[in-house]
Amino acid sequence: MCADGSHDEHIRRVHSDSDATYGSPRVHAVLRREGTRVGRKRVERLMREAGLQGVSPRRPRSFTRRDPAADLAPDLVQRDFTANAPNRLWVADISLIPTGEGP
């Protein structure tokens with residue numbers, strides 16, 4: 001059984017090896033996989049005391065804000081998305097895809 005100082009060193013190593021992205025659940029899983037016997041709550045406590053935290057995978061909630069003074073683009077199809085022949089009307093959906101450099 002390791003003392004808290006030894007666990008602290010292992011936790012810091014695993015956290016730094018993950019480029020400081022792993023939180024306590026992943027750090028705990030790695031330590032268990034490596035054979036270090038440590039409780040999940042102890043990992044949480046030691047990480048909190050050391051000021052270590054993972055990166056949240058949640059997306060930011062903001063979209064581009066439209067300039068209220070800008071002119072709106074004309075609605076060329078008048079909200080009628082049916083085409084009377086193939087290849088006559090093209091529409092698209094703009095989705096934000098999160099990347100390391102931003103959406």
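Is the crossing of α2 and α3 left-handed or right-handed? It is right-handed, and the first close-up shows the pair. The model is a predicted one, where local features need pLDDT of at least 70, side-chain atom pairs count only at pLDDT 80 or more, and totals for chains, interfaces and linings use all residues. Residues are numbered from 1 along each chain as its sequence is written, and side-chain values use heavy atoms, with hydrogens and water left out.

**View 1. Helices α2 and α3 cross each other.** Here α2 spans residues 24-33 and α3 spans residues 40-50 (helices are DSSP runs of H or I, at least four residues, numbered from the N terminus). Their axes come within 9 Å and cross at roughly 120°; the axes are lines fitted to C-alpha atoms over the stretch in contact, and angles run from 0 to 180 degrees between N-to-C directions. That makes α2 oblique to α3 (angles under 35 degrees count as roughly parallel, over 145 as roughly antiparallel, 65 to 115 as roughly perpendicular and the rest as oblique). As for the hand, right-handed means that the near helix is turned clockwise from the far one by less than a right angle.

**View 2. The residues that make the contact of α2 with α3.** From α2 come Ser-24, Val-27, His-28 and Leu-31, and from α3 come Arg-40, Val-43, Glu-44 and Met-47 (contact means heavy atoms within 4.5 Å). Sorted by type, four are nonpolar, two polar and two charged.

**View 3. Asp-8 and Arg-12 pair up in α1.** Their side chains meet in a salt bridge at 3.4 Å, N to O (a side-chain nitrogen of Lys or Arg within 4 Å of a carboxyl oxygen of Asp or Glu). Both sit in helix α1 (residues 4-17), four residues apart, so about one helical turn separates them. Asp-8 is partly exposed at 21% relative accessibility, and Arg-12 is partly exposed too, at 41% (buried means under 20% relative accessible area, exposed over 50%, partly exposed in between, with a 1.4 Å probe and protein chains only).

**View 4. Arg-13 and Asp-17 meet in a salt bridge.** This one is 3.7 Å, N to O, and again the partners lie four residues apart in α1, about one turn of the helix. Arg-13 is partly exposed at 31%, while Asp-17 is exposed at 56%.

**View 5. Arg-79 bridges to Asp-75.** The closest N and O atoms are 3.5 Å apart. Arg-79 is exposed, with a relative accessible area of 63%, whereas Asp-75 is partly exposed at 31%. Elsewhere, salt bridges that share partners join Arg-13, Asp-17 and Glu-34 into one network. The structure holds six salt bridges.

Terms used:
Helix = DSSP H or I, 4+ residues; strand = E, 2+ residues; numbered from the N terminus. Nonpolar A, V, L, I, M, F, W, Y, C, P; charged D, E, K, R; others polar.
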